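Subject: Structure handover, with notes on salt bridges

Hi,

Here is the structure I promised to pass on. My notes follow below it.

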Amino acid sequence: MEAPVFEEFDPESDCDCPGCVSRRRASHLSSSAPFGGHPSAHRALVVATATAAALGAAQATPAVAARQPPGRPGVPAGDEPATPQGRKAPLHGPAGRPARPGGPAGPVRTPPTTRADIIRRAEQWVSAQVPYSMSAYWHDGYRQDCSGFVSMAWNLPGNELTGSLDQFGTRISREELQPGDILLFHNADDPEKGSHVVLFGGWTDYTHSYYVAYEQTRPTTRRQATPYAYWSHSDRYIPYRYKGLTSPAPGDAEVVGAGGPGPETWRRLFP
């Protein structure tokens, strides 16, 4: 919008309208016109400034009305999507099409992998900042939601749900948690409310009250310190260990040790 143009004019000196009376009174009280110029020029500047401010305020009003109150302190936005996962599906290829036709359910397969490989795959999504989606599939074939992320990290043959991931794992205790395990919350009564799963990346300190969580949530994949077991519904999260874990390959002992990543890896992952 172009700025309005104001013409400068002097009203009749004997005009008795309220505006002119007020201006004459103000002019009488002021010894000189501000800005070193003509009083009418000052009036034009004041009118222009007020008009511009009014126009700016009118345009800014929708943005102010749309502002949302801040969330709970310390709780990341989007920590529990309202509908956190899509449907169980095979791996997908280009254009989101299934990489192979879906057939009848067969026996549960748990391809072998190591803890180090699980963390490496999770780091790839963190580095790529994969956008959260319940319907889109990343170029590796996995669905871009919380259960698709864990399916990818565990190198599963398809995209699982929070309600099926436990078939690929063994339930463990909090004290047994190691990098590559998961913390799973499946709300069986309403799977699309609250259900969520995160990948355990190691304890942040000796108190074991916070851990490094890898997870797929809005807006993109993230890795951050998280209170055990999660920001909310903490008592509903259950630890699981992948059934297909194999002995670490040479060199993996430093990447993911018995208690978590080694010091060099911590410095690399968390500079």
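Which residue forms a salt bridge with Asp-181, and how many Å apart are the closest N and O atoms? The partner is Arg-115, and the closest N and O atoms are 3.2 Å apart. Please keep in mind that this is a predicted model.

**The Asp-181 pair**

Asp-181 sits in the loop between strand S3 (169–171) and strand S4 (182–185), while Arg-115 belongs to helix H3 (residues 115–128), so the salt bridge ties together parts that are 66 residues apart in sequence. Both ends are out of the way of solvent by the accessibility count. Asp-181 is buried, at a relative accessible area of 0%. Arg-115 is buried too, at 14%. The pair does not stand alone: a network of salt bridges links Arg-115, Asp-181 and Arg-241.

**Other salt bridges**

The whole structure has seven salt bridges. Here are two more of them.

- Glu-123 and Arg-223 meet through their side chains, at 2.8 Å from N to O. Glu-123 is in helix H3 and Arg-223 in strand S7 (residues 222–227), so this pair links distant parts of the chain, 100 residues apart. Glu-123 is buried, with a relative accessible area of 12%. Arg-223 has 24% relative accessibility and counts as partly exposed, because the buried class ends at 20%.
- Arg-143 and Asp-145 also meet in a salt bridge, at 2.5 Å from N to O. Arg-143 is buried, at 0% relative accessibility. Asp-145 is likewise buried, at 0%.

**Strand S4**

Now to the strand that follows the Asp-181 loop. Which residues of S4 are buried on each side? Ile-182 and Leu-184 are buried on one side, and Leu-183 and Phe-185 are buried on the other. Both faces of S4 are therefore covered. In a regular strand, side chains alternate between the two faces of the sheet.

S4 has these strand partners:

- Strand S5 (residues 196–203) pairs with S4 in the antiparallel sense, over four bridges. Here Phe-185 stands opposite His-196.
- Strand S8 (residues 238–242) also pairs with S4 in the antiparallel sense, over three bridges. Tyr-240 in S8 is the bridge partner of Ile-182.

**Where to look**

Start at Asp-181 and its salt bridge to Arg-115. Then follow the network to Arg-241. After that, move along S4 to its pairing with S5.

Best wishes

Definitions and conventions. Residues numbered from 1 in each chain as written. Predicted model: local features only at pLDDT ≥ 70, side-chain atom pairs only at ≥ 80, totals over all residues. Heavy atoms only, no water. Salt bridge = Lys/Arg side-chain N within 4 Å of Asp/Glu carboxyl O. Helix = DSSP H or I, 4+ residues; strand = E, 2+ residues; numbered from the N terminus. Buried < 20%, exposed > 50% of the residue type's maximum accessible area, 1.4 Å probe, protein only. Pairing = 2+ DSSP bridges.
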